[in-house]
Amino acid sequence: MLASLPMPTRAAVPGQMQSVTAAALAWETLEQSYDAKPGETTAEFSFAFRNVSDAPVEVRGISTSCRCTAGIMRAQPWIIAPGASDTLRVIVDLRSRRGALTKTVYVDTTAGEELLLVHVQVPTPPAIQREMNMMVAQADRQAVLRGDCVSCHVTPAAGRMGGELFQAVCQVCHGAEHRASMVPDLKAPPTVRRDGAYWNEWIRNGKEGTLMPAWDKKRGGVLDDAQIESLIAYLLANLPSEPAPAAPLPTPAN
């Protein structure tokens with residue numbers, strides 16, 4: 001399904017066309033932009049124009065700066081009668097593309113050539129964005145507390161204590177269904193004893209070589225002493241502290 005028509009970056013003056021091609025064709029706008037939605041595979045633009053001369057104008061051809069972009073010829077030949085209005089459709093293929101795109105459309109007419117610009121902002125697929133975020137976090141574990149990650153890991157922590165704090169910022173990673181393999185499930189039995197000193201070290205300082213940042217404000221984090229102490233108390237009361245007992249050795253066969 002084609003995307004809905006984008007809003008132009010340069011709006012046309014109501015009731016007035018911009019004369020841009022040898023006083024023969026007047027285009028409503030020469031440049032448009034569109035913010036694509038996740039999952040959209042195409043973006044469509046519609047450029048309105050009118051023949052303001054007293055002679056027919058033929059659109060002889062349309063070419064673009066990239067094969068992913070196409071201008072649609074409405075007819076062969078495409079002749080615009082004096083005083084007539086029409087539209088040029090431009091379609092951009094968004095598959096395998098992300099970020100900011102700018103494409104040029106060249107319209108060849110018997111009245112001269114016109115250049116049109118289309119801009120598309122393509123969102124990064126969530127799976128790819130997650131991989132990119134993990135790569136950044138592995139290089140700098142404190143990155144999870146900055147930039148785009150603030151809304152998930154920093155803002156929800158404000159003013160929260162204990163269980164509310166755990167649900168707001170810890171579960172985002174440790175309770176995620178598709179969490180990274182190095183991020184443990186805190187509700188599973190641990191491999192070592194988790195006492196107050198254990199939780200204090202992990203929360204305040206995090207650990208180099210992992211995705212765990214230092215949460216203590218004095219170490220570049222976002223939690224104060226009262227929040228950390230309340231979180232430790234919650235963890236000790238609600239999560240397993242002792243390692244699971246070792247499985248018994250098999251009984252030798254006689």
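Me: Which residue in β7 does Glu58 stand opposite?
Reply: This is a predicted model, in which local features need pLDDT of at least 70, side-chain atom pairs count only at pLDDT 80 or more, and totals for chains, interfaces and linings use all residues. Residues are numbered from 1 along each chain as its sequence is written, and side-chain values use heavy atoms, with hydrogens and water left out. β5 and β7 run antiparallel and are joined by three bridges; two strands pair if DSSP finds at least two bridges between them. In β7, the residue opposite Glu58 is Ile79.

Me: How many helices and strands are there in the protein chain?
Reply: Both are DSSP runs numbered from the N terminus: H or I over at least four residues for a helix, E over at least two for a strand. Counted in this way, the protein chain has five helices and ten strands.

Me: Over which residues is the pLDDT below 50?
Reply: pLDDT is the predictor's confidence in each residue, from 0 to 100. The protein chain averages 80, and 76% of its residues score at least 70. Where pLDDT is low, the predicted coordinates should not be read in detail. That applies to a stretch with 59 contacts in the model beyond near neighbours in sequence (contact: heavy atoms within 4.5 Å), and its pLDDT is below 50 over residues 1–22.

Me: What share of the 254 residues of the protein chain counts as buried?
Reply: Buried means under 20% relative accessible area, exposed over 50%, and partly exposed in between, with a 1.4 Å probe and protein chains only. Of the 254 residues, the buried share is 36%.

Me: Is Thr109 buried or exposed?
Reply: Thr109 is found in strand β9. β9 is joined to β5 by five bridges in an antiparallel arrangement, and Val59 stands opposite Thr109. With 2% relative accessibility, Thr109 is therefore buried.

Me: Which residue has its backbone nitrogen 3.0 Å from a polar atom of the side chain of Thr109?
Reply: The side chain of Thr109 has a polar atom at that distance from a backbone nitrogen. The residue that supplies this nitrogen is Ala111.

Me: What is the bridge partner of Tyr106 in β10?
Reply: A hairpin of two residues joins β9 to β10. The two strands pair in the antiparallel sense over eleven bridges. Within β10, the partner of Tyr106 is Leu115.

Me: Along strand β6, which residues point to one face and are buried?
Reply: In a regular strand the side chains alternate between the two faces of the sheet. β6 spans residues 69–72, and its Ala70 and Ile72 point to the face where side chains are not buried. The buried residues, on the other face, are Thr69 and Gly71.

Me: Which residue in β8 is the bridge partner of Thr69?
Reply: β8 covers residues 85–93 and pairs with β6 in the antiparallel sense over four bridges. Across from Thr69, the bridge partner in β8 is Val92.

Me: How far apart in space are Ile72 and Ile62?
Reply: Ile72 counts as partly exposed, at 29% relative accessibility. Setting aside neighbours within four places in sequence, its contacts are Ile62, Trp78, Leu88, Arg89 and Ile91. Ile72 and Ile62 are ten residues apart in sequence, and their C-alpha to C-alpha distance is 7.6 Å.

Me: Which residues touch the most other members of the largest nonpolar core?
Reply: A nonpolar core is a set of buried Ala, Val, Leu, Ile, Met, Phe, Trp, Tyr and Cys residues joined through side-chain atoms within 4.5 Å. The largest one has 26 residues, and β2, β4, β5, β7, β8, β9 and β10 each give two or more residues to this core. Another core, of 17 residues, lies apart from it and includes Ala168 and Ile232. In the largest core, the members that touch the most others are Trp27, Phe45, Phe47, Leu88, Leu94, Leu116 and Val120.

Me: How many disulfides does the structure hold?
Reply: A disulfide is a pair of cysteine sulfur atoms within 2.5 Å. Cys66 is in none, and the nearest cysteine sulfur, that of Cys68, is 3.3 Å away. Cys66 is partly exposed at 23% relative accessible area, whereas Cys170 is buried at 14%. The number of disulfides in the structure is zero.

Methods:
Polar contact = N/O pair within 3.5 Å; in protein donor to acceptor, adjacent residues only side chain to side chain.
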